Amino acid sequence: MDDGLFLSAVLIALALALSGPAALLLALRQRHRIQVLERRLALVEARPIAGPTPIPAVAPTPSKAPAAPPEPRDVRPPEPSSEPTPPRSTVPAVALGQPGTAPSPSRAPDRSSAPSIEERFGTRWTVWVGGLALAFGAVLLVRYSAERGLFGPGVRIVGGFALAFGLVGLGEVLRRRLRGAAPIPPTWPDVPAMVTAAGTVGLFGAVYAAHALYGFVGPGLAFAGLAATGLAAMFAALLHGPALAGIGLVGALATPLLVGGGGTSLWPLALYLPVVAGSAYAFAWLKGWRALAVAAGIGAAAWALFLTLLPGQSVAVHAHLVLQQALAVLVFAVLPGRGVPDAQARLDRFAALALALAGGVALAVLGLTATDGGPGWAGAALAASVLPALAGLVAAPAAAGSVVAALTLAGALMLWPQTAYPSGTSFLLWYGAENPGLLIALAAAGSLTIAALGALRLLGGSRLPYATALTFAAGAAAAPLAALAIVYWRIAGGTVAPGFAAAAGALAAGFCGLAALCRRQDDQTPSPALALGLGAFAAAAVASLCLGLVFALSGGSLTPALAGAALATGLIARRLDIPALRWCVAGLAALVAARLAWDPALIGADLSRTPILNGLVTAYGLPALCFGLAAWVIRRPGRPADIPEQVAQALSLLLSGLFVFLEIRHALHGGDLTAPGTSVLEQGLTTLTALGFSGVLTRFSGPSPSPVIRFGGLAFACLALLQGALGLGLAANPLLTDEPVAGGLVLNDAVLAYALPAAASFALARVAQGVRPVWFVRMAGGLGLALSFLALCLAVRHGFQGERLGLDRATGQAEWYTYSAAWLGLGLIALGYGILRGSATARLASAVLVGLATLKVFLLDLSGLEGPLRALSFLGLGACLIAIGLVYQRLVFAPAPPLVPPPAAPET
């Protein structure tokens, strides 16, 4: 009994709590109406009593003809239901020249500044917390009654429905009562909407409790009740605002999780969820609620991914994906851009982002359901690829859909299920595809449709902005090329495929036809968009021919094809003066660079043993030449090199260096690039190559060189220094390895490996004077001196020891004496060069060599030589030192001749 009294008291208190605020709001509304009527009555009383013409507020200017008297105004206050009242604390606007303008009793508060704490508390927080308290209060009341056992389950459910419907009704009553009141600022929460939202939450809870807790209704009826509640809430949001629509959307999307489908079939969900998302999209579009549309899109994407984890038919999952993507494309891309003139059709970034996210979700769903590659999977992939391109055709601001479509199709072809036993993988692609005929059909249908839609938009939109036209052209040209290349790798696996070569030729013919259409249309109505389409399709035709040649001859390396396409694109960009195609050259170079980063070996194991003329020419040499020519073609005379030119230059230098280095290794190891170990000749030729690249780049760097040329020369020089120090000085030095040195007394591997790089270092130091920093010149000269010294020592030792020059072998007295003489001779040569060329660096190097020879004579020859060799060593050293001193005194530091005064003139 006590608990019943307590529960009754709680219900009475709750009723009072709800009726009190409602009565307060109604009283405030009536008070506001009275204030408005008082102010209008004051305006009426301020008018003159007699006379049809009112007293003007501002003196009118003289006029020849008198103005017609205005009609008498109706001073009766309007009905609240037929005419909206002005905002609170304001007065009706009085036109200039109308009866006297009485000052308003109060002015509207300034809303431009940030709201105060008091305003936030009184207008926002109380409403939000109040609505939340209502919902929690209802839940706690039901929980208390259940814990105490006061009422049975039926009474609890009926009470929950009664409370929920009561809150919904109260919200509608408040909305109608406050309909004639002044509008509130948009930042304030709407009280009727909050009360209605609390009732909606109560309805969701009551239906769910009737099913899950007490089993009064089955899954089907509960599903229908919850879904109807969510959809009804979204309909009611047309009157109460977006917050209620959000609650209805969340409830409708969560209904299948709360109730379940009652079976294993996914078709009810596949049809129900698009209806919910479509309803939310419709309300969002009608009322301009972008947040609601975004929330619906997020919920649809989450459900599309979640359905892939549920057991059932994958066809239903794919149908749901296509329906949801079609709705998202329509709402986020087509409707915002429909009717926009071509001249104003700038790219819509929000539509591009929405299309990209939709494509990503589609690829995720296709990847999670890729099992057999059946017709359902192929149809879903085709629809997911074509829908973004179709959006670009209908609405030009959604031009990014063309590129998104190409990327989605490429991703779907890469995700196509492989066979049970794939042949292998290369660059993230499996060799061997399940149902290859259907794969080819998907690639052909999707790529040709995307290309056709993009071409139609270009041909029919000659006034498109440049960026929009470029996006259409990029998607239309890239989709068929990417599809052909991916399908070739998935099916042919890099082998020679005449069928794919023929397909590439047909594709090139199609691109030529599109280019001809653009050219014909451009002749009739010239426009940058058509010129851009002409260049893009012409470049795509050349790229298709390059792919066909690779498929038919090279056995599948895409690098030569991409390089040839880059060169052709550069030529077309220069011929037609299309700057955007220069960036296509940079994009192709980036693809080749990514290929090198993934796997630097661009050639297979079946490389020919023929020196120079082998597969390395097509894999590295030809692409290097193509990118070098492309960089030269797209250069802008008289202007600094920009990013596309620099990217092409950098890749050309990289491929050229790899080509020469690999050709050296190929020639010295019998065609086996993976042979272990190295040799002194290989290290020497590699160092010589790096010095040669640095010298050529230094020689051809003009007054304003490209940064790639400048830093490329420095990079090759640093590589040569490291190669000389580590390779020739340590790793392959015959003095340390004791490896046999082939060749005669003068021409042998050691002399070639050290003498040629030394000469190249001296040449680099000579060329770099005045072009490179001083430290670079000295570094090159020092490297040349060190390599010359090692070459001289190795030549002397080879003359006395033969093929093996290891330091562990005995050294005779004649060899010791020859070292001294050779070092002195090299020092004298350096001194002579320094005097003739005026090089202080060369004279300093001579001093180092002579000093080293002097130390050797006094420290080693004195104890290691015997007999006449010891005496000859000191006699030769002394003579050389005296001669050097005489040269310095007479030539280098010779005193200036005394000044002779001119003869005096004879006296007359």
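Contact here means heavy atoms within 4.5 Å. The structure is a predicted model. In that model, Arg582 is found in helix α18, which covers residues 580-598. Beyond its neighbours within four places in sequence, Arg582 is in contact with Ala573, Ile634, Arg636, Asp642, Pro644 and Glu645. Arg582 counts as buried because its relative accessibility is 10%, and the cut-off for buried is under 20%. A polar atom of the Arg582 side chain lies 2.7 Å from the backbone oxygen of Ile634. Ile634 thus appears both in the contact list of Arg582 and as the backbone partner of its side chain.

The overall make-up of the chain is helical in the main count: 28 helices and two strands. The protein chain has 908 residues, of which 42% count as buried. Contacts between residues at least 6 apart in sequence were also examined. Of these, 71% join residues at least 24 apart.

The largest nonpolar core holds 91 residues. Within this core, Leu413, Phe500, Phe537, Phe551, Phe627 and Leu655 touch the most other members. Another core lies apart from it and has 38 residues, including Leu273, Ala293, Trp303 and Leu307. In soluble globular proteins, nonpolar side chains tend to be buried together.

Phe551 illustrates the packing in the largest core. Its contacts, leaving aside neighbours within four places in sequence, are Leu484, Tyr488, Thr495, Val496, Ala497, Phe500, Ala501, Ala504 and Leu558. Two of these partners, Tyr488 and Phe500, also join Phe551 and Trp489 in one aromatic cluster.

Ala455 provides a further view of the interior. This residue is found in helix α13 (residues 436-460). Ala455 is buried because its relative accessible area is 5%. Outside its neighbours within four places in sequence, Ala455 is in contact with Ala476, Leu514 and Phe537. Phe537 is also one of the core residues that touch the most other members. The C-alpha atoms of Ala455 and Phe472 are separated by 7.6 Å, although the two residues are 17 apart along the chain.

Aromatic pairing was searched across the whole structure, and 13 pairs were found. One of them joins Tyr488 and Trp489 in an edge-to-face arrangement. Their ring centres are 6.1 Å apart, with 75° between the planes. Tyr488 is buried, with a relative accessible area of 0%. Trp489 is buried as well, at 16%. A second pair, Phe789 and Trp823, is tilted, at 5.1 Å centre to centre and 45° between the planes. This pair links distant parts of the chain, 34 residues apart. Phe789 is in helix α25 (residues 774-801), and Trp823 is in helix α26 (residues 813-837). Trp823 is buried, with a relative accessible area of 13%.

Charged groups also sit over aromatic rings. The charged end of Arg290 sits over the ring of Phe350, 4.0 Å from its centre. Arg772 lies over the face of Phe776, at 5.9 Å from the ring centre.

Helix geometry was checked against the expected span. Helix α20 (residues 643-668) has 26 residues and, at 1.5 Å a residue, should span 38 Å. Its end C-alpha atoms are 38 Å apart, so the two values agree. Gly670 follows α20 and has a positive phi, near 65°. Helix α17 (residues 558-576) has 19 residues and should span 27 Å. Its end C-alpha atoms are 26 Å apart, which agrees. Just after α17, Asp577 takes a positive phi of about 55°.

Positive phi values also occur in loops. Ile612 is found in the loop between α18 and α19 (615-633). Its phi is near 70°, a positive value in a residue other than glycine. Ile612 counts as exposed because its relative accessibility is 55%. Asp738 is found in the loop between α23 (734-737) and α24 (749-768). Phi of Asp738 is near 60°, again positive in a residue other than glycine.

Note on methods:
Residues numbered from 1 in each chain as written. Predicted model: local features only at pLDDT ≥ 70, side-chain atom pairs only at ≥ 80, totals over all residues. Heavy atoms only, no water. Core = buried A, V, L, I, M, F, W, Y, C linked by side-chain atoms within 4.5 Å. Buried < 20%, exposed > 50% of the residue type's maximum accessible area, 1.4 Å probe, protein only. Helix = DSSP H or I, 4+ residues; strand = E, 2+ residues; numbered from the N terminus. Polar contact = N/O pair within 3.5 Å; in protein donor to acceptor, adjacent residues only side chain to side chain. Phe/Tyr/Trp six-rings, centres within 6.5 Å; stacked < 30°, edge-to-face > 60°. Lys NZ or Arg CZ within 6 Å of the ring centre and 35° of its normal. Expected span 1.5 Å × (residues − 1).
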